Amino acid sequence: MSHIMTIFLSLTILALLTYSASSENGDDYVQDACSVTRYRNLCIRSLSPFSTTAKRNPTTWARAGVSVTISEAKRVAKLLTKLSTSTGGRNKGALLDCIECFEDSIDNLHKSLYVLRELNGQTFNSQMSDVTTWMSAALTDEDTCLDGFSDHKGRKIKSLQNRITNVTYITSNALALVNKLATTGISDP
């Protein structure tokens, strides 16, 4: 009987140490923040570097989500521009339209991040309404870009569609974090 108790006690201590370690490195923070997102695993992967600074702060998580989205959208916009210089025909037209959509999306994301950095208790609701509108518009722009390739085929197009889809997922996650902030209220950074 004492052998079983020793094993049970050892397993309990190991479980507590594992839980403590995951809390210390921020796993719980990012998982909690990403619990409101549609693409949770992607959210956790893309935002885990912010765990130790964001902790349980919805303002910081919203800013992190938008920042990551801007970075990824810029990468895809750069790829689109590069592809447009070496592509002709129908694909070139779709690429040029898509570049314009991504420029609009990035502009809306930048406006959102600027306002998230300047949140004010007196105008919070108005600010969050603007940010939500801009984030939704950014997502619509990205979806519009994706729609432009729906009739196109080929390995490169499929790869590009996957990259664009990934940006829409990251944007959706950022919008969910913004919506969470809108409902929880302003918090200090």
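Six nonpolar residues, four polar and no charged: that is the make-up of the lining of the largest cavity, and it's where our tour starts. Keep in mind as you click around that this is a predicted model.

**Stop 1: the cavity**

Select Cys43, Ser46, Leu47, Gly65, Val68, Thr69, Ile170, Asn173, Ala174 and Leu177, and you have the lining on screen. Helix H3 (40-47), helix H5 (58-85) and helix H8 (155-184) each give two or more residues to that lining. H8 has the largest share, with four residues. The space inside comes to about 50 Å³. How many cavities of 30 Å³ or more does a search of the whole structure find? Just one.

**Stop 2: from the cavity to a disulfide**

Stay on Cys43, one of the lining residues, and add cysteine 34 to your selection. A disulfide joins these two, with 2.0 Å from S to S. Look along the S-S bond: the angle about it is -75 degrees, which makes the link left-handed. Cysteine 34 counts as buried because its relative accessibility is 0%, and cysteine 43 is buried too, also at 0%.

**Stop 3: helix H2**

Cysteine 34 leads you into helix H2, so select residues 27-34. Tyr29, Val30, Ala33 and Cys34 are the buried ones to colour. Now turn the view to look down the axis of H2: those buried residues fall within an arc of 120 degrees, so they line one face of the helix. For background, an α-helix has 3.6 residues a turn, so residues three or four places apart point the same way.

**Stop 4: the other disulfide**

The whole structure has two disulfides, so select cysteine 98 and cysteine 145 next: a disulfide joins them, at 1.5 Å from S to S. Is this one left-handed or right-handed? The torsion about its S-S bond is about -45 degrees, so it is left-handed. The pair ties together distant parts of the chain, cysteine 98 in helix H6 (residues 89-117) and cysteine 145 in helix H7 (residues 124-147), 47 residues apart. Both cysteine 98 and cysteine 145 are buried.

Now add cysteine 101. Its closest cysteine sulfur is in cysteine 145, but at 5.8 Å that is too far for a bond. Cysteine 101 is buried as well, at 13% relative accessibility.

**Stop 5: past the end of H8**

Finish at glycine 185, in the segment after H8. It counts as buried, at 17% relative accessibility. Show phenylalanine 124 alongside: the two are 61 residues apart along the chain, yet 7.8 Å separates their C-alpha atoms.

Notes:
Residues are numbered from 1 along each chain as its sequence is written. This is a predicted model: local features need pLDDT of at least 70, side-chain atom pairs count only at pLDDT 80 or more; totals for chains, interfaces and linings use all residues. Side-chain values use heavy atoms; hydrogens and water are left out. Buried means under 20% relative accessible area, exposed over 50%, partly exposed in between (1.4 Å probe, protein chains only). The arc is that of the directions from the helix axis to the C-beta atoms. On a 1 Å grid over the protein atoms alone, a cavity is a set of points where a 1.4 Å probe fits but cannot get out, and a pocket is an open set with protein on both sides within 12 Å along at least five of seven lines; lining residues have an atom within 4 Å of a point. Grid points are joined across faces, edges and corners, and a volume is the space filled by probe spheres set on the points. Ala, Val, Leu, Ile, Met, Phe, Trp, Tyr, Cys and Pro count as nonpolar, Asp, Glu, Lys and Arg as charged, and the others, Gly among them, as polar. A disulfide is a pair of cysteine sulfur atoms within 2.5 Å.
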